[in-house]
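Q: Please take a close look at a single part of this model and explain it step by step for a first-year student.

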Amino acid sequence: MNIDKNAKPFLKWAGGKTQLLNNIEMALPKDILKGKFTYIEPFVGSGAVLFWMLNNFPNMDKAIVNDVNEDLINTYKTIAEKPKELISILQILQNEFHGLEGQDDAKKEYYYSKRELYNKRNKEQSVQAALFIFLNRTCFNGLYRVNRKNEFNVPMGSYKRPTICDKENILAVSQALQNVAILCGDYEETLSYADNNTLFYFDPPYKPLSETSSFNSYAKDEFNDEEQIRLRDFCYKLDTLGHSWILSNSDVKGKNENDNFFDDLYADFNIQRINARRNINANPEKRGVLKELLITNHVSSQEYVRAI
Ligand SMILES: C[S@@+](CC[C@H](N)C(=O)[O-])C[C@H]1O[C@@H](n2cnc3c(N)ncnc32)[C@H](O)[C@@H]1O
């Protein structure tokens, strides 16, 4: 797959993986990436790992991405299919929003009217996608949170002149997505796309470190402990079928040393603890260094990784 090297995530997203790319690189399986291979990312979010993989492995044969968030996947599809239409709508939104600089009440009114419009979900695909990007760029901390009725309910952020229309990147992403299958559904449905040389990267909603730190409501359904166990079962299944996978999650043991939730679930696999910075935290003082887990079912590309 031949793509523009500059494609990068077009969204801010909780759990974005840009800062962990070095660790993920070291955890890649040795053999699979040598020849043609299939890459599957079942919880794609903002796609930091997807774009990095596309940029760095031109020998990748096929890429498949999936997310349960329909509005997110609609945005990916719009970028892939109608980038210019999207750019022209984003340009208008950006001009209008920037034009209100210094008029706090008018800016607020504008933001909330676009949020209301988005939540009606009765506009065509490209308008919904533009509103999705607009809200992501202007809302509080780039969060995506919806209520039980799937209504986006994040308040306005305090950015002065946020970039809403990054034309160059949208074009680069559009090109990068030309050979990527974009699916919307439950992660288990991606299995049918695997072949005999496949790498899965799983970045599910993290298990919260405490009740109040819970930020895993990207979608209207919660990803609770039962869901974490269902995902472990799926990983076992993939392992039995001979597929390679890498999985990220929070390190609950860092918070409570007696909490063996993931150590027990993934006892048969390789568990690494890596340093990570969390950016999605309302309180800047809590955006410190935390540990995260990187779990694999294969030997990493660099042996020393496992000694860390
Ligand atoms: C931690 S985020 C992924 C972050 C991504 N790696 C990035 O760099 O932005 C988890 C994603 O899983 C999605 N998700 C939640 N439940 C899901 C399910 N059952 N199947 C597929 N995706 C799901 C959420 O919508 C969210 O986008």
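In which loop is N150 found? Please continue from there to the surrounding strands and the ligand.

A: The model discussed here is predicted. N150 is found in the loop between α6 and α7, the latter helix covering residues 167–176.

The backbone of N150 deserves attention. Most residues other than glycine have a negative phi. N150, however, has a positive phi of about 65 degrees although it is not a glycine. As for its surroundings, N150 counts as partly exposed because 13 other C-beta atoms lie within 10 Å, whereas a buried residue would need 20 or more and an exposed one 12 or fewer.

A second residue invites the same reading. R121 is not a glycine, yet its phi is positive, at about 50 degrees. R121 lies in the loop between α5 (104–120) and α6 (125–138). Helix α6 therefore borders both loops, that of R121 and that of N150. R121 has 14 C-beta neighbours inside 10 Å, and so it too is classed as partly exposed.

The strands may be considered next, beginning with β1. This strand spans residues 37–41, and four of its five residues are buried. Strand β1 runs parallel to β2, to which five bridges join it. One such pairing links I40 to I64 in β2. Between these two strands the chain passes through α2, and the resulting β-α-β crossover is right-handed. Strand β1 also runs parallel to β4, with three bridges between them; here T38 has T198 of β4 as its bridge partner.

Strand β4, residues 198–202, is in turn joined by four bridges to β5, again in parallel. Within this pairing, F200 is matched with W245 of β5. Strand β5 comprises residues 244–250, and seven of its seven residues are buried.

Finally, the ligand. The shell around the ligand holds 22 residues, of which G15, F43, G45, S46 and D203 come nearest. Two elements, α2 (48–56) and β2 (60–67), each supply at least two residues of this shell. Helix α2 thus appears twice in this account, since the chain also crosses through α2 on its way from β1 to β2. By chemical character, the shell divides into 12 nonpolar, six polar and four charged residues.

Methods
Residues numbered from 1 in each chain as written. Predicted model: local features only at pLDDT ≥ 70, side-chain atom pairs only at ≥ 80, totals over all residues. Near = placed C-beta within 6 Å. Nonpolar A, V, L, I, M, F, W, Y, C, P; charged D, E, K, R; others polar. Pairing = 2+ DSSP bridges. Right-handed = clockwise from strand over helix to strand, strands pointing away.
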